[in-house]
Amino acid sequence: MLNEKLKQYNIILASASPRRQQFFKDLGLQFEIRLKPVHEEYPQRLKHFEISDYLAQLKALTFKKDLKPNDILITSDTIVWLNNKALGKPKDAAEAFEILKSLSNATHEVITSVCFTSLSFEKTVNAVTKVTFKRFSDEEINYYINTCKPFDKAGAYGIQEWIGQIGVTKIEGSYFNVMGLPTHLVYETLNDMVKSI
């Protein structure tokens, strides 16, 4: 349905995430994948969704000079927010353990920002989902890290994996946002862009 409205546009997804790529397929969108390395650093003054907004926009910057008139570029970033601090992707198993230990028996926020860029239009949207985990034993944390190796995931976990299945006791907001893409906002924003570009 949306794909029909977008047929004169070239959708570019700038993400190596297999989860985000699958979401685009599931939304019925025709798209291409383009990747460029980005050094994901942000000013320390930024808080909460300001961080993910900034990083999503930063990822778009490297592509801007290459965009053609009918291109719509989509970049995104996900962070986990706990105790007024952003948790990114763990560097190694030890850091993954520390992150998961901090999330144990606590409620955190998962924030995903998505930046939509064309030659004439730029818009950034974000979604916040609250996730509560049960108390994890060290054995459970180590089992998950060794089995699933969650080093490519903000907050050191994938909600769709074993740790989410046994650990999530409450969720407020979009489940898909926790997986890495607020699909409802992507759908809504692309619909709006078709009207305004």
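Helices and strands here are DSSP runs, numbered from the N terminus, with at least four residues for a helix and at least two for a strand. With that in hand, we can walk through this predicted model and place a number of its residues.

Let's start with a loop. Asn 105 lies between helix H4 and strand E5, which covers residues 107–117. Its backbone deserves a look: Asn 105 has a positive phi of about 55 degrees although it is not a glycine. As for its surroundings, Asn 105 has a relative accessible area of 44%, so it counts as partly exposed. His 48 offers another case, with phi near 55 degrees, again a positive value in a residue other than glycine. You will find His 48 in the loop between E2 and H3.

Stay with that E2–H3 loop for a moment, since Gln 44 lies there too, between strand E2 (32–33) and helix H3 (49–61). Is Gln 44 buried or exposed? Its relative accessible area is 65%, and because anything over 50% counts as exposed, Gln 44 is exposed. If you want a long-range distance from this point, take Gly 180: the two residues are 136 places apart along the chain, and their C-alpha atoms are separated by 23 Å.

Now back to strand E5, where Thr 107 is found. Thr 107 is partly exposed, with a relative accessible area of 43%. Which residues does Thr 107 touch, once those up to four places away in sequence are set aside? They are Leu 82, Lys 130, Val 131 and Thr 132. With Thr 132 there is also a polar contact from side chain to side chain, at 2.7 Å. Phe 136 makes a useful further reference: Thr 107 and Phe 136 are 29 residues apart along the chain, with 13 Å between their C-alpha atoms.

Next comes a pair of helices. Helix H4 runs over residues 93–103 and helix H5 over residues 138–148; the two pack with their axes 10 Å apart and at an angle of about 135 degrees. That angle makes H4 oblique to H5, because it falls outside the ranges for roughly parallel, roughly perpendicular and roughly antiparallel, the last of which begins over 145 degrees. The crossing of H4 past H5 is right-handed. On the H4 side, the contact is made by Ala 93, Ala 96, Phe 97, Leu 100 and Lys 101. H5 answers with Asp 138, Ile 141, Asn 142, Tyr 144 and Ile 145. Sorted by character, the residues of this contact are seven nonpolar, one polar and two charged.

Two serines in loops make good stops on the tour. Ser 17 sits between strand E1 (10–13) and helix H2 (18–26). With 13% relative accessibility, Ser 17 counts as buried. A polar atom of the Ser 17 side chain lies 3.1 Å from the backbone nitrogen of Arg 20.

Ser 174 is found in the loop between strand E7 (168–172) and helix H7 (175–179). At a relative accessible area of 15%, Ser 174 is buried. Which backbone nitrogen does its side chain reach at 3.3 Å? That of Phe 176. A polar atom of the Ser 174 side chain also lies 3.0 Å from the backbone nitrogen of Asn 177. Leaving out residues up to four places away in sequence, Ser 174 touches Thr 129 and His 184.

Helix H6, residues 162–167, holds Gln 165. This residue is exposed, its relative accessible area being 62%. Apart from neighbours within four places in sequence, Gln 165 is in contact with Ile 159 and Gln 160. The link to Gln 160 includes a polar one, in which the side chain of Gln 165 reaches the backbone oxygen of Gln 160 at 3.2 Å.

Our last stop is the start of the chain. Met 1 is found in the segment before helix H1 (2–5). How does Met 1 count, buried or exposed? With a relative accessible area of 73%, Met 1 is exposed. From Met 1 to Leu 13, twelve residues along the chain, the C-alpha atoms are separated by 19 Å.

How values were computed. Residues are numbered from 1 along each chain as its sequence is written. This is a predicted model: local features need pLDDT of at least 70, side-chain atom pairs count only at pLDDT 80 or more; totals for chains, interfaces and linings use all residues. Side-chain values use heavy atoms; hydrogens and water are left out. Axes are lines fitted to C-alpha atoms, for helices over the stretch in contact, and angles run from 0 to 180 degrees between N-to-C directions. Angles under 35 degrees count as roughly parallel, over 145 as roughly antiparallel, 65 to 115 as roughly perpendicular and the rest as oblique. A crossing is left-handed if the near helix is turned anticlockwise from the far one by less than a right angle, and right-handed if clockwise. Contact means heavy atoms within 4.5 Å. Ala, Val, Leu, Ile, Met, Phe, Trp, Tyr, Cys and Pro count as nonpolar, Asp, Glu, Lys and Arg as charged, and the others, Gly among them, as polar. Buried means under 20% relative accessible area, exposed over 50%, partly exposed in between (1.4 Å probe, protein chains only). A polar contact is a pair of N or O atoms within 3.5 Å; within protein, one must be able to donate a hydrogen and the other to accept it, and residues adjacent in sequence count only if both atoms are side-chain atoms.
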